Amino acid sequence: MSADKIVVSGFRHFFQSDSGRVQATGEIDVTIREGEVVTLVGPSGCGKTTLLKAIAGFITPSEGQILCDGKPVRGPGRERGVVFQELAILPWRTVRKNIAHGLEIAHVPKAERDRTVERLIGLMSLNGFEDRYPHELSGGMRQRVAVARTWAADPDVILMDEPFAAVDAMTRLTLQEELGRLCATTHKTVFFITHSVEEAVFLGDRVLVMTKRPGTIKAMLDVPRPGKGGRDWDSFTGDPEMRAISEQVMHLVHAERV
Amino acid sequence: MTRHLRDLRVLLPFAVLIAIWWGLKDGFGIADKLLVAPPQVWSAFGTLITHGILAEYAATSLSMIGIATLISFVIGVPLGFAVGTNRYAARSLEGFLRYLQGISGIAWLPLAILWFGFTHTTTLVIVIYTLIVPIIFNTMTGVRAIPENYVLALGSLGASRLRIVTDVYFPGALPSIVVGTRLGMGYGWRALIASEMLVRQGGLGDLIFGARTFNQIDRIMVGMVVIGTLYIVVDRLLVQPAETMTLARWGVLRK
């Protein structure tokens, strides 16, 4: 069994709003093991983004604690990369410079930086777009750049907050397959938030289901590991076991409709 | 061909203005002590040039606006960052800056003259005051318009606070900073001429106000034409290209 990478215990979060204290999440305990892909599915407003932000170190939990490799999380850090839903790559940097940004910050030598960027451009099918600016790319392409930038920085854990939600449905299928392949080849620890049941089952080694606000973890389902190259949608939809898991998750999520 | 036509269209209003001016002068036989004809202005221009007077006065004004822009930029941009990155400071200062914009630089002249006398310092203070507010204001607005995700994402890539300033805040706010500087230079140029008229220590404002004492209408009009021309030249040849470059290059307009 792999080591525990992220341990969330007794986490609860409140926001201060004009009308007083608002409870964003219920009590949450989650453990993410090294090298696994954990997906979290839940209704809108259940607090899943709050949980991700706390793991990323963007917010300080009101209650409980979050450990990364046994050390408490205090603020963002390069060992925990984040892919946002949108608007996170810098419009004044080319694709290449965006992907290399984390490596630049870490003072990685240019030759090594270029090698890493080349490899990710290949993995994310961005060939030919290296010197383009984000405004010249489609939404799907921009998300590929965002994913590549995070992977290039080589964090231990990658946190993804509905990264494909703003992308059209066709592109999303491709991106999901590409991400699956990337996870399978790089063995990263990934925590992925979504409100799509299929996406959660397709990508996850483990699927967590959250209740409606204030959200707590309601169920946890293991998904059999895909083969070496990750999954593809054709075999996924044809697999009765996958369909059974998806249905099960769907029932759990449906009960939480708001 | 079309390009030439467009260039001509820009000059058309000037031609109309000169025609009306000349027509009024000759048609109504207006006396020379009230209005002179374009050729007289042209010859006064020649005199001022050959005696090196115009160059000297224009150089004073240009160096003043240059120095004032530089100082305002160096002080205003960091101040704008400091205010823009702090939500509370931004909220409390916004009203104050707007209020200051209501008190024009010229309104500070009486106080400035009492404090610094009839000196270049007085003019510099007035011009910097006029110039710096739009720079601070636009820097602040530019910084605040940067999506939070840019900053968060960079933090997760291990960036330090300084790195976030150089890699996110500065390039992100640069188009606004350039816009603010351009605006400020326009306001500053006007304040400069006005201040020079009162301070009388050189500059184009001094030139035209001094000419009034001797009823040298031709010189006054030369001065006015030069004031307008220099503004357009500096704005179109220096500032606007910088603005177009930053805006177009980073696709901020097309986001």
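This section describes the two sheets of chain A, the core around them, the helical chain B and the contact between the two chains. The model is a predicted one, and the description below should be read in that light.

We may begin with the mixed sheet of chain A. Six strands make up this open sheet, in the order β6-β7-β8-β3-β9-β10, and their pairing is mixed. Its edges are formed by β6 and β10 (residues 217–222) of chain A, each of which pairs on one side only. From one strand to the next, the twist averages 15°. Helix α5 of chain A (residues 139–152) packs on this sheet, where it touches β6 and β7 of chain A. The direction of α5(A) makes about 180° with that of β6(A).

Within this sheet, strand β8(A) deserves a closer look. Strand β8(A) spans residues 189–194, and because 6 of its 6 residues are buried, it is largely enclosed by the rest of the structure. In a regular strand, side chains alternate between the two faces of the sheet. In β8(A), A:Thr189, A:Phe191 and A:Ile193 point one way, while A:Val190, A:Phe192 and A:Thr194 point the other way; all are buried.

The two neighbours of β8(A) can be followed residue by residue. Strand β3(A), residues 37–41, pairs with β8(A) in the parallel sense over 5 bridges, and here A:Val38 has A:Phe191 as its bridge partner. Strand β7(A), residues 157–161, also runs parallel to β8(A), joined to it by 5 bridges. Across this pairing, A:Ile158 stands opposite A:Val190. The chain passes from β7(A) to β8(A) by way of helix α6(A), residues 169–186, in a right-handed β-α-β crossover. A:Phe191 of β8(A) also has A:Leu159 standing opposite.

The second sheet of chain A is likewise open, with 4 antiparallel strands in the order β2-β1-β4-β5. Strands β2 (20–33) and β5 (71–72) of chain A stand at its edges with a single partner strand each, so one side of each is left without a neighbour in the sheet. At the β5(A) end, 2 bridges join β5(A) to the antiparallel strand β4(A), residues 63–68. One residue pair here is A:Cys68 with its bridge partner A:Lys71 in β5(A). Helix α1(A), residues 48–56, packs on the sheet and touches β1 (4–17), β2 and β4 of chain A. The direction of α1(A) makes about 120° with that of β1(A).

Some of these residues reappear in the nonpolar core. The largest core has 121 residues, and those touching the most other members are A:Ile55, A:Ala148, A:Ala152, A:Leu159, A:Phe191, A:Val249 and B:Val127. What does A:Ala152 contact, leaving aside its neighbours within four places in sequence? The partners of A:Ala152 are A:Ile99, A:Ala100, A:Gly102, A:Leu103, A:Thr116, A:Val117 and A:Leu120.

Chain B brings a change of scenery. Its secondary structure comes to 10 helices and 0 strands. The C-alpha trace of chain B spans about 75 × 55 × 30 Å along its principal axes. Of the 255 residues in chain B, 35% are buried. Among contacts in chain B with a separation of 6 or more, 73% join residues 24 or more positions apart.

Finally, the two chains meet where 18 residues of chain B are in contact with 21 residues of chain A. On the chain B side, α7 (148–156) and α8 (161–199) each supply at least two residues. Helix α7(B) gives the most to this side, with 6 residues. By type, the chain B residues that touch chain A divide into 10 nonpolar, 5 polar and 3 charged.

Helix α7(B) can be described in further detail. Its buried residues are B:Tyr150, B:Ala153, B:Leu154, B:Gly155 and B:Ser156. These buried residues pack against α1 and β6 (80–83) of chain A, together with α8 of chain B. Just after α7(B), B:Gly158 takes a positive phi of about 90°.

Methods:
Residues are numbered from 1 along each chain as its sequence is written. Chains are lettered from A and ligands numbered from 1 in the order in which they are written. This is a predicted model: local features need pLDDT of at least 70, side-chain atom pairs count only at pLDDT 80 or more; totals for chains, interfaces and linings use all residues. A residue is buried if 20 or more other C-beta atoms lie within 10 Å of its own, exposed if 12 or fewer, and partly exposed in between; C-beta atoms are placed from the backbone. Two strands pair if DSSP finds at least two bridges between them. A crossover is right-handed if, with the strands pointing away from the viewer, the path from the first strand over the helix to the second runs clockwise. Two residues are in contact if their C-beta atoms, placed from the backbone, lie within 7 Å. Ala, Val, Leu, Ile, Met, Phe, Trp, Tyr, Cys and Pro count as nonpolar, Asp, Glu, Lys and Arg as charged, and the others, Gly among them, as polar. Axes are lines fitted to C-alpha atoms, for helices over the stretch in contact, and angles run from 0 to 180 degrees between N-to-C directions. A nonpolar core is a set of buried Ala, Val, Leu, Ile, Met, Phe, Trp, Tyr and Cys residues joined through C-beta atoms within 7 Å.
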